[in-house]
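Here's a quick briefing to read with the model open in your viewer. Grab a coffee and scroll along.

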Amino acid sequence: MSERAAAAEYRIEDLAHLSGATVRTIRAYQDRGLLPRPERRGRSNVYGDGHLARLRQIADLLDRGYTLASIKELLEAWDTGRGLGGVLGLVAEVNGPWTDEQADRITRAELDERFGGVPDERAVREAVELGVLEPVPGREDEFLVPSPQELAVAAELYTAGVPLLAIAEHLRELRTQVEHIATRFLEFTTEHVFARYLGHRPPSDAEAAEAAGLVRRLRPLAQQTVDAELARAMRTFAPRHLQQQLAPGAPAATADEPRPVALPAETVRAVRELVGTENTAAFIAAAAEREVHARTLDELTATARDPSGPEQS
């Protein structure tokens, strides 16, 4: 760095312009201890390249998902000489791609052709909302496809006769369940693997590097486990489901083996938030039982009041 660059001085307005932060944000960072105070030169406050570098560090960490409180701890570690290299390497590893699949692009004409050749604006809006398609800025007739495999599955289901809106609703429900699996896997690995690195803040460079290596090793395990369990479940339930469908005259359920009832994902999530995961099944069962009793009483009351109803024995 040249002496001229090292001696660079900025007014707060210049610093805001160069860093992309607002004057109000810079002052807020100073008040919170995230940014050193400027030097006082006469009646003016003077900022230097150190302030500019610090603002860029803060912006980078915010983009990576850190809170301002966490950033303050990291910057304090940096100031005491512990460094941020290992932590940022760990963050980069976690933020890296979790699949080898490469994003692709598709034009609107190609999209319509893959889904029957008839434009469906509502289905496209649903796909954009779900992130299956992403608009390309400046190109109204083109979309980014983050997961071509997911789009190909939707196209196959549509070709097999599944309506597009039904596919979107199925994806919403599936996504809720998969997000729950991902959360549980993260909680599980944090408790048994990463707690020793995250129990104090921030971890040293050596600890962060070791944790990043473990992330690389464990990255494929979640998908491998889900794939294996899905295959096991399909082996168990697909033949049973087919047998039920091929025997339409058979009773829908028996006392010993009732048929499971699928509830909407939003309903299950609302119940879970209300009573907790461990009480969800009991709550749903109790609610169903109460509803059955209420309807039975209503029917008995209506029958008793209706003179045209069946004769009472």
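Let's start with Glu126, which touches Leu165, Ala168 and Arg172 once its neighbours within four places in sequence are set aside. This is a predicted model, with a mean pLDDT of 81 for the protein and 80% of its residues at 70 or more. From Glu126 we'll go to the cores, then the sheet, then the salt bridges.

**Glu126 and its helix**
- You'll find Glu126 in helix 8, which covers residues 121-130.
- Glu126 has a relative accessibility of 15%, and since the cut-off for buried is under 20%, Glu126 counts as buried.

**How far to trust the model**
- At the start of the chain, residues 1-6 stay under 50 in pLDDT, and the model has four contacts beyond four places in sequence for that stretch.
- Residues 309-313 also stay under 50 in pLDDT, with two contacts beyond four places in sequence.

**The nonpolar cores**
- As background, nonpolar side chains in soluble globular proteins tend to be buried together.
- The largest nonpolar core here holds 19 residues, and Leu15 and Ile26 are the ones with the most contacts inside it.
- Five elements give two or more residues to this core: helix 2 (12-19), helix 3 (23-31), helix 4 (49-63), helix 5 (68-79) and helix 6 (85-95).
- Helix 4 is the top contributor to this core, giving four residues.
- What does Ile26 touch, leaving aside its neighbours within four places in sequence? The list is Ile12, Leu15, Ala16, Ser19, Ala21, Leu35, Tyr47 and Leu55.
- Apart from the largest core lies another one, of 18 residues, and its members include Ile106, Ala123, Ala127 and Val132.

**Ile106, a member of that other core**
- Ile106 sits in strand 3, residues 104-107.
- With a relative accessible area of 6%, Ile106 is buried.
- Beyond its neighbours within four places in sequence, Ile106 is in contact with Leu111, Arg114, Leu133, Asp141, Glu142, Phe143, Val145 and Leu151.
- Ile106 and Pro148 are 42 residues apart along the chain, while their C-alpha atoms are 9.5 Å apart.

**The sheet**
- Strand 3 belongs to an open sheet of three strands, in the order 3-5-4 and with antiparallel pairing.
- Strand 3 and strand 4 (134-136) are the edge strands, so each pairs on one side only.
- From one strand to the next, the twist averages 40°.
- Strand 4 pairs with strand 5 (residues 139-145) in the antiparallel sense, over three bridges.
- Which residue is the bridge partner of Glu134 in strand 5? That would be Leu144.

**Salt bridges**
- Searching the whole structure turns up 13 salt bridges.
- One of them joins the side chains of Arg108 and Asp112, with an N to O distance of 3.0 Å.
- Why are Arg108 and Asp112 about one helical turn apart? Because they are four residues apart in helix 7 (residues 108-114).
- Are Arg108 and Asp112 buried or exposed? Arg108 counts as buried at 15% relative accessibility, and Asp112 counts as buried at 13%.
- Arg139 meets Asp141 in a salt bridge, at 3.7 Å from N to O.
- Asp141 is partly exposed, with a relative accessible area of 40%, and Arg139 is partly exposed, also with a value of 40%.
- Arg139 forms a salt bridge with Glu142 too, where the closest N and O atoms are 3.1 Å apart.
- Glu142 is buried, with a relative accessible area of 11%.
- Through shared partners, salt bridges join Arg105, Arg139, Asp141 and Glu142 into one network.

**Where the topics meet**
- Two residues of that network, Asp141 and Glu142, also turn up in the contact list of Ile106.

Conventions: Residues numbered from 1 in each chain as written. Heavy atoms only, no water. Core = buried A, V, L, I, M, F, W, Y, C linked by side-chain atoms within 4.5 Å. Buried < 20%, exposed > 50% of the residue type's maximum accessible area, 1.4 Å probe, protein only. Contact = heavy atoms within 4.5 Å. Salt bridge = Lys/Arg side-chain N within 4 Å of Asp/Glu carboxyl O. Pairing = 2+ DSSP bridges. Axes fitted to C-alpha atoms, helices over the stretch in contact; angles between N-to-C directions. pLDDT = per-residue confidence, 0-100.
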